[in-house]
Amino acid sequence: MITFDRVSKRYAEGHEALSEISVDIRQDELVFLTGHSGAGKSTLLRLIMLIERPSRGQLIVDGQNLAKIRARGVPGHRRNIGVVFQNHQLLFDRSVYHNVALPLVIAGYEQREVGRRVRAALDKVGLLAKERALPITLSGGEQQRVGIARAVVARPRILLADEPTGNLDPALSAEIMQLFEAFNQVGVTVLIASHDLALISRLRHRILTLRDGRLVSNRA
Amino acid sequence: MSAADSKARREGASTSRARLRHRFNGWLNHHRLSAADSLARVLDNPVSSLLTWLVIGIALALPAALDVALDNARQLSDKWDSPAQLSLFLTATASAEQSRELQRELQERPDIAAVVFVSREAALQEFSQLSGFADVLDSLDSNPLPDLLLVTPAPEAGPVTALHQELAADPRVAEAVLDMAWLERLNTLMELSRRIVLALAAVLVAGVVLILGNTIRLAIESRREEIVVVKLVGGSNGFVRRPFLYTGLWYGVGGGFFAALLVAAALWFLGEPVARLAELYQSSFELGGLGLMGSLNLVVLGGLLGLTGAWLAVSRHLGRIAPR
């Protein structure tokens with residue numbers, strides 16, 4: 001589903017964030033990506049989302065060579081990927097409902113369909129009762145779950161998460177991970193960047209470890 | 001092609017058509033949402049929006065009011081245009097009899113209101129009185145002046161110039177003079193004023209576009225984070241652009257509306273003294289306004305300028321805001 005073939009990313013100022021990454025993630029997998037901060041986890045996710053382009057190597061996502069996607073095609077590519085951010089990236093001037101609805105509005109769904117899907121997504125993350133609340137009134141864990149609902153509402157085939165449990169206590173973190181496992185079980189490819197080794201080594205999934213931009217371990 | 005094939009094809013065509021319709025509906029939906037949302041945002045800040053509307057309104061009202069003033073002046077000068085007089089100098093060989101015959105002939109024409117005959121003798125007398133050259137003229141052995149017919153065209157007749165050409169071609173007429181010099185001067189003056197108004201309008205319109213561009217730039221800055229999030233979850237440039245274009249449209253339309261209002265208020269303010277002045281000149285002149293179409297044009301123009309300003313701001317600033 002996601003294939004890195006000797007991918008490197010060098011920034012303009014000369015710093016090499018990723019070097020010679022080769023890895024293959026299957027469609028039914030949930031994979032953790034770990035390493036110290038600055039090891040290149042975020043850069044790897046940004047390459048998949050086409051926020052950045054690789055300097056060298058080939059990256060194939062869902063059968064598409066990303067080098068072939070031009071600027072015009074980037075929004076369409078991002079619509080096929082759900083993303084959960086560490087800082088949630090919610091819009092604080094609109095309700096939970098409208099935050100979750102955003103990807104559907106962008107994709108041009110009809111209002112009735114939007115309502116149906118948003119409520120289904122909020123139901124999955126256990127926040128159906130909060131649809132009218134403003135994000136600012138929610139706890140950190142709840143905000144993160146709104147972010148997850150927004151990431152999955154358009155039923156993407158791939159779900160990326162960048163430190164989704166970064167600011168949460170262990171109990172909440174475990175809960176969030178269970179949500180990701182549930183999505184993986186219904187066929188979504190999930191890639192989670194996290195430095196919470198204690199948490200992710202308890203879950204039985206493949207772990208990719210990055211150190212200074214190199215893939216140093218790839219174990220199931 | 002088998003029956004199954006063609007069936008699959010039909011279904012393929014109909015699903016792609018359904019997808020197209022779905023996308024079109026979504027696009028239309030987002031236009032509706034953007035328009036409503038932008039309007040709500042504009043109305044949410046009544047004071048600053050009102051100020052923007054007024055600035056645009058004043059900038060548009062100035063050239064619009066001058067244009068209305070010019071229109072009124074043109075109407076006045078049109079009224080003066082019709083009774084212009086034609087002077088027909090007849091050939092020197094024409095006898096008084098022939099001249100009178102031509103006068104009768106012309107008087108019967110429907111496009112001529114009146115013909116006054118000034119005989120060469122009368123003309124000489126008048127000239128010697130008025131010019132003070134009586135002695136010199138007396139010393140001439142023959143009268144150098146021709147007979148003159150003063151022709152006043154009928155007010156409902158067509159352009160004077162056509163009549164002028166026709167009469168000039170008559171063999172009995174030596175020269176036909178259309179006394180329009182003052183009218184030409186007036187028309188030149190009007191043309192000059194029109195150009196000044198146009199230049200002023202161009203400058204002010206450019207100003208309006210810049211003001212709107214700047215207003216939209218500020219709107220973009222204040223929603224920077226939102227734009228980043230929308231781009232992260234796959235919003236296209238068109239999707240991000242739309243609400244700002246609508247914001248520009250609403251500012252422009254409001255500005256055009258205020259401009260029409262200001263012009264109407266100015267005309268109402270001037271209406272009474274103008275009517276009194278016209279009365280004093282025994283004229284039935286009435287101050288013309290923008291009218292419904294003119295006001296609508298102003299609103300549409302405002303909307304277009306708003307879109308233009310927004311487009312400039314959006315194309316300059318939106319591209320720079322990208323997820324980091």
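# Briefing: two chains, their sheets and helices

Glu105(B) counts as partly exposed, because 13 C-beta neighbours lie inside 10 Å. To be called buried, a residue needs 20 or more such neighbours, and 12 or fewer would make a residue exposed. The model described here is predicted. The points below start around Glu105(B), then move to the strands, the helices and the contact between the chains.

**Around Glu105(B)**

- Glu105(B) sits in helix α3 of chain B, which covers residues 96-107.
- Val115(B) is 10 residues away from Glu105(B) in sequence.
- In space, the C-alpha atoms of Glu105(B) and Val115(B) are 9.8 Å apart.
- Val115(B) also has a place in strand pairing: this residue stands opposite Val151(B) in β3(B).

**Strands of chain B**

- Strand β3 of chain B spans residues 148-153, and its side chains alternate between two faces.
- Leu149(B), Val151(B) and Pro153(B) point to one face and are buried.
- Leu148(B), Leu150(B) and Thr152(B) point to the other face and are not buried.
- β3(B) pairs with strand β2 of chain B (residues 112-118). The two are antiparallel, with 6 bridges.
- β3(B) also pairs with strand β1 of chain B (residues 86-90). This pairing is antiparallel too, with 4 bridges.
- Ser87(B) has Leu150(B) in β3(B) as its bridge partner.
- The two named partners in β3(B) point to opposite faces: Val151(B) is on the buried side, while Leu150(B) is on the side that is not buried.

**The sheet of chain A**

- Chain A has an open sheet of 4 strands, in the order β2-β1-β4-β5. The pairing is antiparallel.
- Which strands stand at the edges of this sheet? They are β2 (16-25) and β5 (64-65) of chain A.
- Each edge strand has a single partner, so one side of each is left without a neighbour in the sheet.
- Strand β1 of chain A (residues 2-10) is joined to β2(A) by 6 bridges, and the two run antiparallel.
- Within that pair, Val7(A) stands opposite Ile21(A) of β2(A).

**Helix packing in chain B**

- Helix α7 (residues 181-222) packs against helix α9 (residues 237-280), both in chain B. Their axes are 10 Å apart, at an angle of about 140°.
- That angle makes α7(B) oblique to α9(B), because only angles over 145 degrees count as roughly antiparallel.
- The crossing of α7(B) and α9(B) is right-handed.
- The residues in this contact divide into 7 nonpolar, 5 polar and no charged.
- On the α7(B) side, the contact includes Val208(B), Leu212(B) and Ile216(B). On the α9(B) side, it includes Phe244(B), Tyr251(B) and Gly255(B).
- α9(B) also meets helix α10 of chain B (residues 291-317). Their axes come within 6 Å and cross at roughly 145°.
- α9(B) passes α10(B) in a right-handed crossing.
- By class, the contact of α9(B) with α10(B) has 18 nonpolar, 10 polar and 1 charged residues.

**Where the chains touch**

- How many residues of chain B are in contact with chain A? There are 17, and they meet 15 residues of chain A.
- On the chain B side, the elements giving two or more residues are α1 (3-44) and α8 (224-232).
- α1(B) supplies the largest share of that side, 7 residues.
- By class, the chain B side has 7 nonpolar, 8 polar and 2 charged residues.

Definitions and conventions:
Residues are numbered from 1 along each chain as its sequence is written. Chains are lettered from A and ligands numbered from 1 in the order in which they are written. This is a predicted model: local features need pLDDT of at least 70, side-chain atom pairs count only at pLDDT 80 or more; totals for chains, interfaces and linings use all residues. Two strands pair if DSSP finds at least two bridges between them. Axes are lines fitted to C-alpha atoms, for helices over the stretch in contact, and angles run from 0 to 180 degrees between N-to-C directions. Angles under 35 degrees count as roughly parallel, over 145 as roughly antiparallel, 65 to 115 as roughly perpendicular and the rest as oblique. A crossing is left-handed if the near helix is turned anticlockwise from the far one by less than a right angle, and right-handed if clockwise. Two residues are in contact if their C-beta atoms, placed from the backbone, lie within 7 Å. Ala, Val, Leu, Ile, Met, Phe, Trp, Tyr, Cys and Pro count as nonpolar, Asp, Glu, Lys and Arg as charged, and the others, Gly among them, as polar.
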